[in-house]
Amino acid sequence: MKSQLSLRQHKIIRLLRDSKTYMTSEEISEKLSVSSKTVRNDIADINDALASEGITIDSIRSKGYILNAKDKSSLKKYSKDENLFLGRSDRIYYIAVRLCTSDEPIDLFDLEEEISVSSSTLAGDLSGFKKRFSHGAPYIELNTERNLLVLEDNEFKRRFILTKLLSDNWDYNSTGSVYYKSDFIDNDAFNIINANVCDILFRNNIHLEDYYLISLNLYLSIAYHRIKDGYLIRPHGSSVIPSEDTVAACEDMFSVLNEKLDFTYPRPEIDEVCRYIEEKRIPSGSDIFMYDAQFSYSDDMEPLVNDYL
């Protein structure tokens with residue numbers, strides 16, 4: 001199905017459609033700035049998703065890949081440039097990912113060409129990005145210097161944005177969406193994290209609402225991918241002080257994840273997750289009772305209670 005293809009997979013279809021000859025995985029990977037293995041995996045996913053529609057990417061030994069379609073009109077809906085960005089929200093999503101995952105400033109003219117829009121449309125999309133992520137949390141700075149877009153070099157803020165993008169567009173009924181196949185998340189790691197985190201928190205009597213639990217799992221998966229690529233968050237001050245049971249739950253959780261992922265999350269990463277869980281956890285029954293008792297009764301109510309009695 002169309003919605004199961006990632007933006008990069010759409011680009012592979014477009015590259016092969018426009019090619020006058022075979023293309024090797026190395027040629028495709030160079031154009032998309034990914035590994036040949038990633039290209040081969042994407043092509044396998046494309047074939048799985050579109051085989052029922054008679055669209056295949058065939059591999060010819062010593063030549064490369066070629067795109068074939070029994071029905072050319074069926075191919076058009078997957079390779080038309082405008083289908084890569086269906087609306088403004090899709091473009092802002094793409095721009096946000098490009099900015100947050102890029103090590104270098106991004107040329108405005110190159111970005112216009114990438115998403116096939118005019119300079120005025122791009123300016124409006126960038127304004128939308130700023131309204132959401134610069135004027136609101138995480139308050140990241142985006143500046144333009146000599147036609148170059150320069151995003152604040154703050155790994156924590158960048159991860160916040162990436163996590164927010166996925167969480168807000170998460171399909172709770174399926175994992176077969178474009179967001180699940182994002183370039184900045186490791187699917188295998190996500191499956192391990194998603195299969196363990198909820199149970200570990202539950203056995204430590206810590207509960208999160210569904211949205212915050214998914215956000216936590218996505219953040220841990222993004223962090224895993226980013227840390228392996230050398231991107232680390234810097235320790236920063238916070239007014240949130242995790243309780244002892246939250247800290248114990250985090251230690252339990254990371255002990256399990258480190259073993260299952262064969263990976264070690266650095267201490268600042270663990271501390272950040274502890275603060276997040278403390279801030280988002282649902283209060284226990286006793287906490288709720290104390291909260292309600294404190295804020296539902298006041299001196300002004302005493303005469304009313306006496307009159308009632």
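**Exercise 1.** Does Thr163 count as buried or exposed, and what is its relative accessibility?

*Solution.* Keep in mind that this is a predicted model. Start by finding the residue: Thr163 sits in helix 8. Next, recall the cut-off, since buried means under 20% relative accessible area. Thr163 comes in at 8% relative accessibility, so it counts as buried. Finally, look at who is around it. Skipping the neighbours within four places in sequence, Thr163 is in contact with Ser215, Leu218, Tyr219 and Ile222.

**Exercise 2.** Work out which residues of helix 7 are buried and what they pack against.

*Solution.* First, get your bearings: helix 7 covers residues 119–133 and has 15 residues. From first C-alpha to last it reaches 21 Å, close to the 21 Å expected at 1.5 Å a residue. Now pick out the buried residues: Leu122, Asp125, Leu126, Gly128, Phe129 and Phe133. Look down the axis of helix 7 and these fall within an arc of 150 degrees, so they line one face of the helix. Flip to the face turned away from the buried side, and you'll find the exposed residues Ser120 and Lys131. Last step: the buried residues pack against helix 5, helix 6, strand 4, strand 5 and helix 8.

**Exercise 3.** Describe the second largest pocket and its lining.

*Solution.* Begin with the space inside, which is about 590 Å³. Of the 25 lining residues, the closest to the centre are Phe156, Phe160, Tyr276, Glu279 and Lys280. Then ask which helices chip in: helix 8, helix 10 and helix 12 each supply at least two lining residues. Sort the lining by class and you get 12 nonpolar, seven polar and six charged residues.

Definitions and conventions. Residues are numbered from 1 along each chain as its sequence is written. This is a predicted model: local features need pLDDT of at least 70, side-chain atom pairs count only at pLDDT 80 or more; totals for chains, interfaces and linings use all residues. Side-chain values use heavy atoms; hydrogens and water are left out. Helices (H or I, at least four residues) and strands (E, at least two) are DSSP runs, numbered from the N terminus. The expected span of a helix is 1.5 Å times one less than its number of residues. Buried means under 20% relative accessible area, exposed over 50%, partly exposed in between (1.4 Å probe, protein chains only). The arc is that of the directions from the helix axis to the C-beta atoms. Contact means heavy atoms within 4.5 Å. On a 1 Å grid over the protein atoms alone, a cavity is a set of points where a 1.4 Å probe fits but cannot get out, and a pocket is an open set with protein on both sides within 12 Å along at least five of seven lines; lining residues have an atom within 4 Å of a point. Grid points are joined across faces, edges and corners, and a volume is the space filled by probe spheres set on the points. Ala, Val, Leu, Ile, Met, Phe, Trp, Tyr, Cys and Pro count as nonpolar, Asp, Glu, Lys and Arg as charged, and the others, Gly among them, as polar.
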